[in-house]
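Here are my notes on the model you sent over. I've kept them as numbered points so you can reply to each one in turn.

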Amino acid sequence: MSAAFNAFLLLWCLQTSAAGAELVPPQNVTMITLNTNYTLKWDWDQSAAEGRNATFTTEYVAKYRLRSKGKNWVMVCDKTSHRSCDLTPLDLHYLGIFMLRVRVNVNENHSDWVLKEFCPDKDAAVGPPSKVDLAPAGSDLDVYISDPLTSKNTTMRDHFKLYYGILYWEHTEDTQAVRTKMLNSSANVVTLPDLKAWTWYCVSIQSRYDFYNKISNFTSPHCMQTEGPVPWWKIFLYFLGSLVFCFLVVLFSLYIFFWCFKTIKTTFYPSGQLPKHFEDYFCDSPRSDIPRLLSPDSESELLCDKVTICPEPVFLEIHDPPPEALLAPAAGLDPDSRHSRQGSSGSGDSGVYSTEGGSGLRQPNSAQSSSGAEDSCQGPVKLERVKMQDMAPELKSQCLIADEGIVDICV
């Protein structure tokens, strides 16, 4: 009975081993690394699962612990469907040596473990500089290099002795004529010597670690033009350009000034002439101030008459004596001395008095007489007041007869 049980148990174990041996283990197990970023990757044929779901398990342990009795493997990825496992969060020591293993799981069956030894210092790839900047330094170029960074954003210089290979060349259109130069330096600021002034140069840099002969990829090219003494033709062009610019600014300012001046003058002092009938009306109006607004050119066309200003007229009073004074001879006068007029029965004194001088002033006898005036002035003369300005222009003469003679007053 016990022999039969043992045989059954042996047969079951053989079947289990045969089922496990049927699963193909992962293949092409490799490490994808860059600085301190590590990823374990493998391949596996899904057809070997025969339509069943396959998962993968990844573990690691420090190599020195394999010699001890307690092999404490650390689980990293448990039953994952991905064909890779990220080991970066483990923060593996850069100088340590580790053993990695991976297997495939289908239901309760497992494949064999596939082991992989990994040493970051030896196997991890180094990356290019994280940043590159260029700056002109006269006819040379200053290159500013930033170290490659770890997964925690620290410099890789903390893990190994790092230096850089700086490749630079003159930028030309003809790629076949390009001649490159190489410069190695461990400094983060490097000056490229022996460069031409006012010339474009391109720079590409890679990281290097000689102990394990690690070399990174080159960075993308960075190009910049060098500087140097300014040639005379550039100085002339700059001076000429500044003159043209200043001339344009002044010309534009003058244009704006004259435009504003013309606009203001046209708005407040228009040059348009008034219509002819308006101009004639304003000129004929004696109390109008509008002609003052006419331009000097229009004043020469105005027609004006000469005006003579005369003093205020003088009023003269002519008094005729009463008939009694005409008949009686004046006291103290000789009757024979009176002049008698032919055809007249008597004579009388005639006095001409001015309103300004008084009534007692007599006008002297006129030396001129005419026979026609005697006929028109015979008989007694009535007392009347004559206003000089009221006399008609056609009046040529007026004769007044005095008691002592004939007085002719011509106006």
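1. Where does Asn213 sit relative to strand 14 and strand 15? This is a predicted model, and in it Asn213 is placed in the loop between strand 14 (200-209) and strand 15 (214-215). I'd start there since its backbone caught my eye: phi is positive, about 55°, although the residue is not a glycine. Most residues other than glycine have a negative phi. Asn213 is exposed, with a relative accessible area of 58%.

2. There is another asparagine to look at alongside that one. Asn28 also has a positive phi, near 55°, and is not a glycine. Its setting is strand 1 rather than a loop. Is Asn28 buried or exposed? Asn28 counts as exposed, because its relative accessible area is 54% and the cut-off is over 50%.

3. Now the confidence. The mean pLDDT of the protein chain is 75, and 63% of its residues reach 70 or more. Two stretches deserve a flag. Over residues 16-21 the pLDDT is below 50, and this stretch makes 3 contacts beyond near neighbours in sequence. Residues 290-295 are also below 50, with 10 such contacts in the model. Where pLDDT is low, the predicted coordinates should not be read in detail, so please treat any contact lists there with care.

4. Overall make-up. The protein chain has 411 residues, of which 27% are buried. It contains 7 helices and 21 strands. Among contacts with a separation of 6 or more, 61% link residues 24 or more positions apart. The chain exposes about 28700 Å², with carbon and sulfur atoms supplying 57% of that area.

5. On to the sheet that holds Asn28's strand. Strands 1, 2 and 5 form an open sheet in the order 1-2-5, with antiparallel pairing. Strand 1 (27-34) and strand 5 (84-86) are at the edges with a single partner strand each, so one side of each has no neighbour in the sheet. Neighbouring strands are turned by 15° against each other on average, direction ignored. How many bridges join strand 1 to strand 2? There are 6, with strand 2 covering residues 37-43. Within that pairing, Thr33 stands opposite Tyr38.

6. A second open sheet of 3 strands has the order 9-10-13, again with antiparallel pairing. Its edge strands are strand 9 (131-137) and strand 13 (189-192), each pairing on one side only. Here the twist averages 25° from one strand to the next. Strand 9 and strand 10 (residues 140-146) are antiparallel and share 7 bridges. Pro136 faces Leu141 of strand 10.

7. The core. Which residues touch the most other members of the largest nonpolar core? Tyr38, Val143, Leu192, Val203 and Ile205 do, out of 44 residues. Strand 6 (residues 98-106) gives the most to this core, with 5 residues. As background, nonpolar side chains tend to be buried together in soluble globular proteins. Val143 shows how the sequence is brought together: leaving out residues up to four places away, it touches Val132, Asp133, Leu134, Asn188, Val189, Val190, Leu192, Val203 and Ile205.

8. Cys202 is worth a look too. It is found in strand 14 and is buried, with a relative accessible area of 2%. Beyond its neighbours within four places in sequence, Cys202 is in contact with Leu167, Tyr168, Trp169, His171, His222 and Cys223. The C-alpha atoms of Cys202 and Met224 are separated by 6.6 Å, for 22 residues along the chain.

9. Last, Ile215. This residue belongs to strand 15, the strand that follows the loop of point 1. Ile215 is partly exposed, with a relative accessible area of 47%. Its contacts, not counting residues up to four places away in sequence, are Val126, Gln206, Ser207 and Arg208. How far apart are the C-alpha atoms of Ile215 and Tyr163? They are separated by 10.0 Å, with the two positions 52 residues apart along the chain.

Terms used
Residues numbered from 1 in each chain as written. Predicted model: local features only at pLDDT ≥ 70, side-chain atom pairs only at ≥ 80, totals over all residues. Heavy atoms only, no water. Pairing = 2+ DSSP bridges. Helix = DSSP H or I, 4+ residues; strand = E, 2+ residues; numbered from the N terminus. Axes fitted to C-alpha atoms, helices over the stretch in contact; angles between N-to-C directions. Core = buried A, V, L, I, M, F, W, Y, C linked by side-chain atoms within 4.5 Å. Buried < 20%, exposed > 50% of the residue type's maximum accessible area, 1.4 Å probe, protein only. Contact = heavy atoms within 4.5 Å. Areas by Shrake-Rupley, 256 points an atom, 1.4 Å probe, with all protein chains shown as cover. pLDDT = per-residue confidence, 0-100.
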